[in-house]
Amino acid sequence: MKQKIRNIYENITAFQRCPYASILPTRLILCVILWCLALITCHMLASFSRSSSQPGRFVPLWIFLIILTGATLTIIYWKQYYQTVILCTIKMENIRDKYSLLDAQQMTDYESSLNIVLELIDASLEKEYSSRLLQKQTELDSMQSQINPHFLYNTMDTIRGYALMEEAPITSDMIEVLSRLFRYMISQKNAKTTIRQEISILYDYIKIQEYRMNQHMILLQNVENETQVMEYSIPKLIIQPLVENCIKHGNKNISREFIITLNIYSTQSRLIISVTDNGCGMTPQTLNEINRTLADNDWNSIHARKKDKLRGNGIALTNINSRIRLLYGDIYGLTAYSTLGRGSEFQITLPFYNQE
């Protein structure tokens, strides 16, 4: 009991230090006024009883009932006020101190603070719902794209065997590379992978495209501080779609050798993954449209992105951007840069935690 009284005292003291504790004196003054009215009523009943020729036998009872009712209502009111206002205010103060994303200047009173916290909860729930919805949609797309992968792998191995028997090394090599690519994209269930694994499939993908387009392509790789960066964990399949986008949209109407450059470097808190090509580039209008789509990142348009024209191998640029933001926050994501006739760059920004 003593501990409970001590906790109540500490909570009230903490509440008085809140910037909007000025509502407490107002409630106290209102309570005092009501008690004054009750006592005046009792005094008037007593005076009426003394001045009357027939004193009322029930006047003391009425006075007792008025005082008892007033005391009961006062206890109930302050108990509810303590639970619904004082405790909630202290919790909101703790939330404001803990999370820097809450604007302290806007939390000037109890109502505005409650609205801000409720808006934060609503945004968090909407983001969580969107994240789960996107994950379910990705899983559904993956399931729809899988037609018994083991059957596909075994069939490709059989075709490769026949190609070797018929002395067709190019066909055999194409099948082997394509099989590795499929295994990585379809079989691995993990949502994250290492940069080393993500880069390894780029060379297989480039090789397939060279066979398909009968064109030599160069992939340059520049990774700073490889011992730390290469084993760093990132979301799966966020680099390969950018390379595919370079080949699909950048490798048009150019006479020079097509070069794709992968630059990966880290700062104190961020990991930058840049995919650059020396292709045809984009017009300013197209570039602005892409960046506006990426910046909007509307959670309610996840299904609409399935029809987005900015698609790689079924994973849209907007999908990559959304996955990154859902995992790490809105300050991270994908940004496009381009100069018409000179090439384009897609830059991914991720959080970087030193793993030494």
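**A tour of the sheet, its helices and the salt bridges**

Begin by selecting cysteine 246, which is buried, with a relative accessible area of 1%; here buried means under 20% relative accessible area, exposed means over 50%, and partly exposed covers what lies in between, with a 1.4 Å probe and protein chains only. The model is a predicted one, in which local features need pLDDT of at least 70 and side-chain atom pairs count only at pLDDT 80 or more, while totals for chains, interfaces and linings use all residues. Residues are numbered from 1 along each chain as its sequence is written, and side-chain values use heavy atoms, with hydrogens and water left out.

Stay with the cysteines and select cysteine 36, which counts as partly exposed at 40% relative accessibility. A search of the whole structure returns 0 disulfides, a disulfide being a pair of cysteine sulfur atoms within 2.5 Å. Cysteine 36 is accordingly in no disulfide, and the nearest cysteine sulfur, that of cysteine 31, is 9.7 Å away.

**The sheet**

Next, colour the strands, remembering that helices (H or I, at least four residues) and strands (E, at least two) are DSSP runs numbered from the N terminus. An open sheet of 5 strands has the order E2-E4-E5-E7-E6, with mixed pairing. Strand E2 (217-223) and strand E6 (333-339) stand at the edges, and each has a single partner strand, so one side of each is left without a neighbour in the sheet. On average, and with direction ignored, neighbouring strands of this sheet are turned by 15 degrees against each other.

Zoom in on E2 and strand E4 (residues 258-266), which pair in the parallel sense over 7 bridges; two strands are said to pair if DSSP finds at least two bridges between them. Methionine 217 is a convenient residue to pick here, standing opposite phenylalanine 258 in E4.

Now add helix H7 (residues 195-213), which lies across E2, E4 and strand E5 (270-277) and runs at about 170 degrees to E2. Helix H11 (residues 317-328) also packs on the sheet, touching E6 and strand E7 (343-351), and its direction makes about 20 degrees with that of E7. Contact means heavy atoms within 4.5 Å, and the axes are lines fitted to C-alpha atoms, for helices over the stretch in contact, with angles running from 0 to 180 degrees between N-to-C directions.

**The salt bridges**

The structure holds 6 salt bridges, each defined as a side-chain nitrogen of Lys or Arg within 4 Å of a carboxyl oxygen of Asp or Glu. Select arginine 180 and aspartate 204, whose side chains meet in a salt bridge (2.8 Å, N to O). Arginine 180 lies in helix H6 and aspartate 204 in helix H7, so the pair ties together parts that are 24 residues apart in sequence. Arginine 180 is partly exposed at 39% relative accessible area, whereas aspartate 204 is buried at 11%. Widen the selection to Arg160, Glu176, Arg180 and Asp204, which are linked in a network of salt bridges.

Then move to arginine 196 and glutamate 231, whose side chains meet in a salt bridge (2.5 Å, N to O). This pair links distant parts of the chain, 35 residues apart, with arginine 196 in helix H7 and glutamate 231 in the loop between helix H8 (226-229) and strand E3 (233-235).

Finish with arginine 183 and aspartate 157, which form a salt bridge through their side chains (4.0 Å, N to O), arginine 183 lying in helix H6 (residues 169-187) and aspartate 157 in helix H5 (residues 149-165).
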